[in-house]
Amino acid sequence: MKEPLVPVVPMSHTAHIRSHRKPRRSATSSIAVRAGVAGGVLSMAAAGASASASAAEPVTQTIELPTLTADLSAQVAQSAAATQQAAANYELRAERDAAAAKAAAEAKKDLVEAKKKAEAKKKAAEAARKAAAERATRNAERATLSASASASTSVSAPASGSVATVIAFLKAQVGDAYVMGATGPNAWDCSSLVQAAYKQVGVDLPRVSQDQSMAGTDVPLSDIQVGDILYWGGKGSAYHVGVYIGDGQYLDAANPSKGVVIQDLSGYPASGAVRVL
């Protein structure tokens with residue numbers, strides 16, 4: 001019996017090579033996938049919009065402060081009162097310290113001034129006692145000189161009693177102080193001494209040396225006699241005067257360091273002389 005014949009189908013020359021193409025999905029499956037993807041995208045967009053809306057609105061949160069109790073309030077008040085009292089005490093202490101320091105400084109100043117016054121008073125008392133002793137000594141010397149001048153007859157002095165009186169008065173002032181502007185009885189300047197001496201015999205002379213150099217009669221220095229007024233400087237502008245007492249000497253209120261003294265005419269030659277007696 002003959003076997004049935006199998007028909008032979010001619011094959012392509014590439015039929016033995018496996019295809020790399022993916023199998024096509026069905027239309028239903030593709031539609032389902034696309035719908036799922038779209039839904040996911042829409043869900044994400046909605047979520048993003050919701051998040052943006054939530055971020056735009058500010059978040060507010062209420063924090064409740066603790067409520068002060070009555071005890072805590074009392075403690076705070078007591079602390080504030082204590083601080084205020086401490087500050088007041090400190091300020092009061094500072095004021096007291098400042099007042100004490102000021103009082104101490106003033107007391108020290110008063111003590112220094114009191115010491116100065118006491119020392120000045122002591123010096124003044126000593127000066128007064130010394131001046132009194134010197135005056136007593138000078139008065140005794142004047143009395144002696146006056147008695148000697150009245151009893152003696154000097155060969156240099158003229159016979160006129162008026163000149164002797166002038167010279168006696170001048171010698172009685174030897175040792176007195178020189179003080180510019182003073183007019184006696186214990187201090188003189190040059191012209192006040194000359195004026196006072198001649199006033200003893202009734203001769204009124206001007207007060208200052210310039211005018212005294214213009215009084216009386218001019219006498220050459222080579223012919224001067226006891227009792228003549230000597231002057232230094234120009235006639236009418238003399239700056240110093242004295243009285244010639246004989247033997248080349250004159251008496252004057254010289255200066256603050258010498259006082260009233262007798263000096264040699266050779267040591268301080270005069271500029272001119274006038275005679276008023």
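This report describes the nonpolar cores, one helix, the salt bridges and one buried serine of the structure above. The model is predicted.

**Nonpolar cores**

The largest nonpolar core contains 27 residues. Within this core, L170, L193 and Y198 have the most contacts. Two helices, α3 (161-172) and α4 (190-199), each supply at least two of its residues, as do the strands β4 (229-232), β5 (240-246) and β6 (249-253). The largest share comes from α4, which contributes 6 residues.

The surroundings of L193 can be listed in detail. Leaving out residues up to four places away in sequence, L193 touches F169, L170, Q173, W188, L251, D252, A253 and V260.

Another core lies apart from the largest one and has 9 residues. Among them are I224, L230, W232 and A270.

**Helix α3**

Which residues of α3 are buried? They are V163, V166, I167, A168, F169, L170 and A172. One of these, L170, is also among the residues with the most contacts inside the largest core.

The length of α3 can be checked with a short calculation. The helix has 12 residues, and at 1.5 Å a residue it should span 16 Å. The expected span is 1.5 Å times one less than the number of residues. The C-alpha atoms at the ends of α3 are 17 Å apart, which agrees with this expectation.

**Salt bridges**

Side chains of opposite charge can pair when their charged atoms come close. The structure has 3 salt bridges. The table gives the partners, the distance between nitrogen and oxygen, and the separation in sequence.

| Acidic residue | Basic residue | N to O distance | Separation in sequence |
|---|---|---|---|
| D189 | R207 | 2.9 Å | 18 residues |
| D218 | K235 | 2.5 Å | 17 residues |
| D228 | R275 | 2.8 Å | 47 residues |

In the pair of D189 and R207, the two residues belong to distant parts of the chain. D189 lies in the loop between β2 (187-188) and α4, and R207 lies in the loop between α4 and α5 (209-212). D189 is buried, with a relative accessible area of 5%, whereas R207 is partly exposed at 26%.

The side chains of K235 and D218 form another salt bridge. K235 is in the loop between β4 and β5, while D218 is in strand β3 (residues 217-219), so the pair ties together parts that are 17 residues apart in sequence. K235 has a relative accessible area of 37% and is partly exposed. D218 also counts as partly exposed, at 46%.

The remaining pair is formed by D228 and R275. D228 is found in the loop between β3 and β4 and R275 in strand β8 (residues 272-275), so this salt bridge joins parts that are 47 residues apart in sequence. Is D228 buried or exposed? At 2% relative accessibility, D228 counts as buried. Its partner R275 is partly exposed, with a relative accessible area of 25%.

**A buried serine in α4**

S192 is located in helix α4. Its relative accessible area is 2%; because buried means under 20%, S192 is classed as buried. A polar atom of the S192 side chain lies 2.8 Å from the backbone oxygen of A182. With neighbours within four places in sequence left aside, S192 is in contact with A182, T183 and R207. R207 is also the salt-bridge partner of D189.

Definitions and conventions
Residues are numbered from 1 along each chain as its sequence is written. This is a predicted model: local features need pLDDT of at least 70, side-chain atom pairs count only at pLDDT 80 or more; totals for chains, interfaces and linings use all residues. Side-chain values use heavy atoms; hydrogens and water are left out. A nonpolar core is a set of buried Ala, Val, Leu, Ile, Met, Phe, Trp, Tyr and Cys residues joined through side-chain atoms within 4.5 Å. Buried means under 20% relative accessible area, exposed over 50%, partly exposed in between (1.4 Å probe, protein chains only). Helices (H or I, at least four residues) and strands (E, at least two) are DSSP runs, numbered from the N terminus. Contact means heavy atoms within 4.5 Å. A salt bridge is a side-chain nitrogen of Lys or Arg within 4 Å of a carboxyl oxygen of Asp or Glu. A polar contact is a pair of N or O atoms within 3.5 Å; within protein, one must be able to donate a hydrogen and the other to accept it, and residues adjacent in sequence count only if both atoms are side-chain atoms.
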